[in-house]
Amino acid sequence: MNRRQFLKYALYGAGGTAIGVSGLGALTKVAPKSAIATTNTEETTVFSACEMCRNQCPIAVKVVNGKVTKIEGNPNDSGFGGVICARGNSGPSLLYDPQRLKKPMIRTGERGTGKYKEVSWDEAYTYIADKLKVIQQDFGGESVAFASRKGPHDWFFRTIGKGIGSPNIFSHEATCPMTRSVALDSMFGVEAIAADYANAKYIVSFGRNWLEGIHIAQTRAIMKAIDNGAKLVVLDPRLSVTASKGEWIPIKGTTDLAFVMAMANIIITEERYDKDFVERYTSGFDQWKEAVKDKTPEWAENETGIPKETIIRITREFAEARPQAILDFGWRTGLTPNDFQLRRAIMIVNMMMGNFEVPGGYYRIKNASVTNRFPEMTGYAKALGAINQPAFPKPVTSRIDGTGIKGIPGQLIPEGDGAVGQIVESILTGQPYQIKAWMVHRFNPVISITESDRVIEALKKLDLLVVCDVYMTDTAMFADVILPECSYLERHEPVYDMSGLTPKYVLRQPAVELVYPDTKPSWQIYKELGEKMDLGKYFPFQNIENYISRQLTPAGLSLSQLKQKGVWTPEGMKPFYLRANDSQASLGNVISKVSQKIEFYSEEVQHATKQGVPQYKRHPQPEEGKFRFVQGKVAVHTNAGTVNVPVLNELMPENSLWINKASADNLGILDGDDIIISSGIYEHKGKAKVTEGIRPDTVFCYHGFGRISPELKRAFGKGINDNKLILNQIGEVGNVCTSMTMVTVKKA
Amino acid sequence: MNNKTAELYLSFAGIFHRPHPEIAEHLEELIELWRGEIPESKEQLVEIEDYCRKYPLVNDRLDTLWEHYIPLFETGDIEAIPYASVYFNDNGLVLGKEAEDVREFYLSCGYVIGNEKQELPDHLAVELEFLALLARDGKTQKLAEFERDHLRPFLRTILPLIIKSKRPVYSSAAKTLEIWQLNSDRKGDSIG
Ligand code: SF4
């Protein structure tokens, strides 16, 4: 085409209906219409599930003329009471954010320089498939790691990993509450144990912060308990919002296990435990008794910094309230390398109180497969169907993190989770073998895995990094291929089981059409990628509706049924606790241990760690001039996920370093001063928040700030990234350790 | 209706759409058009010519255009968000009332966003493309109305941002568009 002809041809050459040169142009000719149709207001409510954090609360999405205008709690779910949190409310601001990812992109410049070109989905899939094929041929499928934030997308995402024979598939749980899961599994044979906070009379928290680390149903239950007169005791080096609602015990960091063992010591000495429960339902009490026999209140005072009188008083108050007394098992990152033993000890003390399967205690989650074990509960609900896949190739090596290997702590790591921090180590050290490619879905290792600089160093060494997300995250900045997922308000997802005291199924369904038309839901992304990689047979469904129907049909339900209310619970079924009316009822149907006992002493744990019952291990305390650096959640943000979401960023754009007034005075630091925090290896700038609400030997910041990606415009460089300072120490069961780093602080 | 107006609008639409091989290949044609119709933009045209000389191959041009288009318009820390709604609504989000208004305007003139090449209705390039079509079809009154109510207020906000970005081609093209629009204002008539 000659010069000057191009524009003319574009204007006139395609039949006059559209600008038709090679698809340039966005508009198409139709019959003119007046806009009358849109002056009628069309208002609907779509019942779906939130994804501003992992809790997936049921929501009611108000849609006016095809636009989401408001998100509220789903009134059809009584457990949530039609309530959601500020993050849940902010959904529309993510949905309509101009900063979202809009098209697949392939890197054109050096890693981290942000130089990309947009490509079609097919080009992106082809690029990934070709690269993975070469890596697989040269280094084996095991050299490709997969990591995601745990969620309903995992079935599809993980299928790619299993399909290429990689054993190295990880969730984010090691950076979250995995130690608790390990503890529960080792004692009950199952992780699905929950607490009935609402009916408790006495609740002791070890750093658990329901009013800032919000889980709507649990936060409401805690508030209900407090309203009903329950006592709340919070052991935390920092005065959290939750601590401010009860008795704050500023415990010395990393000594929680000493407090719990001293409680056990007092309870045994004063014979305040439920002997019948212990005898009937548990094993290993004698070994536990032996382990705590010298863990006296005096000893614990020395360890924890808490006066022995306080330890004794709290223990007695707690025991008085049994069985409606809960020592909370926590839901947060591991504090120390042996954090899982703290969680085990907490659950042992709980079980000494006989607070299992009674109101105000702990209970086994009653999903359909559990309820159907009880004749009087049979028939209320049926389990969801599974989508069967052909056998996957057997991985030729074991995992890089030792998960599942007998005789080492890795034996205890949940296979579906793994020790995600090990991916970084394997990339950098080649041990136990080299990871060459990393597929990342809705996870941000640069901020979520400790020692951010090392994570970045590792990302730069990869042959292939693929990131699927809604934003250009700190990790996406280093990716070779970026895949834009649509938001949770625009997609279906497999139905998930959110059973509590009764079975419950929740649906996520699109409230509106795609805002950015070239984004896709994860099920479609991985199905299409799988097909490009000749793994199509592992995705044996036509579309997500078909997938969901195959889940629901065996449960006697249909998609249209779920769409109406967004949530399903069996009609007429009352919450039930096995021991509510019969303290000697059999627990055989809810404990999954071969021994049929709740195992205080675990052969498996003994085999893996040589500590069949929890033993105390003293961790270093800060030397003179140093502080223990701790972190935690804030109510208006979700970890590494939301700091760039417009409304939430406005609510809290940055964090600061909490430092005790006396310590700050010693260092000449005033509230609001610029400071430098140093771990000895890394330094970080920040601002000081001088307060009485923290121990003098501890400093604290909220997690998820100080973002590295300049693409996260609103969050870039604002505040402190705690994980830049925290060392990538991998705990005994693969967990990150967030309370083990000591820092110095000085005025900038 | 002046055919040149249609060509001019289309030329700017082509620039501000996502980088496209046809545009990359025909950049010189756009320069020629602008030189003839917007002679005051000499300085900017020299800049774009330099760019063309530096990147004679279409693929190289495309790669560098992407390199600048993405941070300028597309994702992450966007320097000049190309959607009008973002500037006209309080909350800075896309698909606000302005998007709905322009979509309705397109529809009233017989245009919709095509199924394949989907884009938000208030994207800068789509608005420019729409005006090219109105100019081509001689719809003077509608054109003037759209310019007055939608395009001009949008350009007043976004062009300074694009110019400020100093991104090759885009910054110069934005300045050229600004000069053209100013000239039209000075003439006191609607373009075309
Ligand atoms: S806790 Fe808040 S952010 Fe999390 S799912 Fe529930 S409403 Fe959404």
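**A walk from a strand to the interface**

Let's start at one small spot: Ser148(A) sits opposite Ser171(A), a residue of β8(A). Keep in mind as we go that this is a predicted model. Ser148(A) belongs to strand β7 of chain A, which covers residues 144–148. Its neighbour β8(A), residues 169–171, runs parallel to β7(A), and 3 bridges hold the pairing.

β7(A) has another partner too. Strand β16 of chain A, residues 437–441, pairs with β7(A) over 5 bridges, again in the parallel sense. If you want a place to look, find Val144(A): its bridge partner in β16(A) is Ala437(A).

So how covered is β7(A)? Mostly covered, with 5 of its 5 residues buried. Turn the strand and you'll find that both faces are covered. Val144(A), Phe146(A) and Ser148(A) are buried on one side, while Ala145(A) and Ala147(A) are buried on the other.

Now for charged side chains. Side chains of opposite charge can pair when their charged atoms come close. Over all chains, the structure holds 63 salt bridges. One of them joins Arg491(A) and Glu51(A), with an N to O distance of 3.0 Å. This pair ties together distant parts of the chain, 440 residues apart. Arg491(A) lies in the loop between β18 and β19 of chain A, and Glu51(A) in the loop between β2 and β3 of chain A. Are these two buried or exposed? Arg491(A) counts as buried because its relative accessibility is 1%, and Glu51(A) counts as buried at 7%. Both also take part in a network of salt bridges that includes Arg442(A), Asp469(A), Glu485(A), Glu493(A) and Arg508(A).

A second pair in chain A is Glu247(A) and Arg313(A), whose closest N and O atoms are 2.5 Å apart. This salt bridge links distant parts of the chain as well, from strand β12 to helix α14 of chain A, 66 residues apart. Arg313(A) is partly exposed, with a relative accessible area of 32%.

Over in chain B, look at Asp50(B) and Arg53(B), which meet in a salt bridge at 2.7 Å, N to O. Both lie in helix α4 of chain B, 3 residues apart, which is about one turn of the helix. Asp50(B) is partly exposed at 39%, whereas Arg53(B) counts as exposed at 59%.

That brings us to where the chains meet. In all, 58 residues of chain B are in contact with 54 residues of chain A. Together the two chains bury about 5,100 Å², and 61% of that is on carbon and sulfur atoms. Leu10(B), Glu29(B) and Arg136(B) supply 12% of the area that chain B buries against chain A, more than any other three residues.

What links the chains across this interface? There are 2 salt bridges between chain B and chain A. In one of them, Lys115(A) meets Glu67(B) at 3.7 Å, N to O. The interface also has 9 residue pairs in polar contact. On the side of chain B that touches chain A, α1(B) gives the largest share, 7 residues. The residues on that side divide into 25 nonpolar, 14 polar and 19 charged.

One last stop brings us back to strands. Strand β1 of chain A, residues 27–29, is joined to β1(B) by 3 bridges, and the two run antiparallel. To see one such position, find Thr28(A), which stands opposite Val112(B) in β1(B).

Definitions and conventions:
Residues are numbered from 1 along each chain as its sequence is written. Chains are lettered from A and ligands numbered from 1 in the order in which they are written. This is a predicted model: local features need pLDDT of at least 70, side-chain atom pairs count only at pLDDT 80 or more; totals for chains, interfaces and linings use all residues. Side-chain values use heavy atoms; hydrogens and water are left out. Contact means heavy atoms within 4.5 Å. Buried area is the accessible area (1.4 Å probe) that two parts lose on being put together, summed over both. A salt bridge is a side-chain nitrogen of Lys or Arg within 4 Å of a carboxyl oxygen of Asp or Glu. A polar contact is a pair of N or O atoms within 3.5 Å; within protein, one must be able to donate a hydrogen and the other to accept it, and residues adjacent in sequence count only if both atoms are side-chain atoms. Helices (H or I, at least four residues) and strands (E, at least two) are DSSP runs, numbered from the N terminus. Ala, Val, Leu, Ile, Met, Phe, Trp, Tyr, Cys and Pro count as nonpolar, Asp, Glu, Lys and Arg as charged, and the others, Gly among them, as polar. Two strands pair if DSSP finds at least two bridges between them. Buried means under 20% relative accessible area, exposed over 50%, partly exposed in between (1.4 Å probe, protein chains only).
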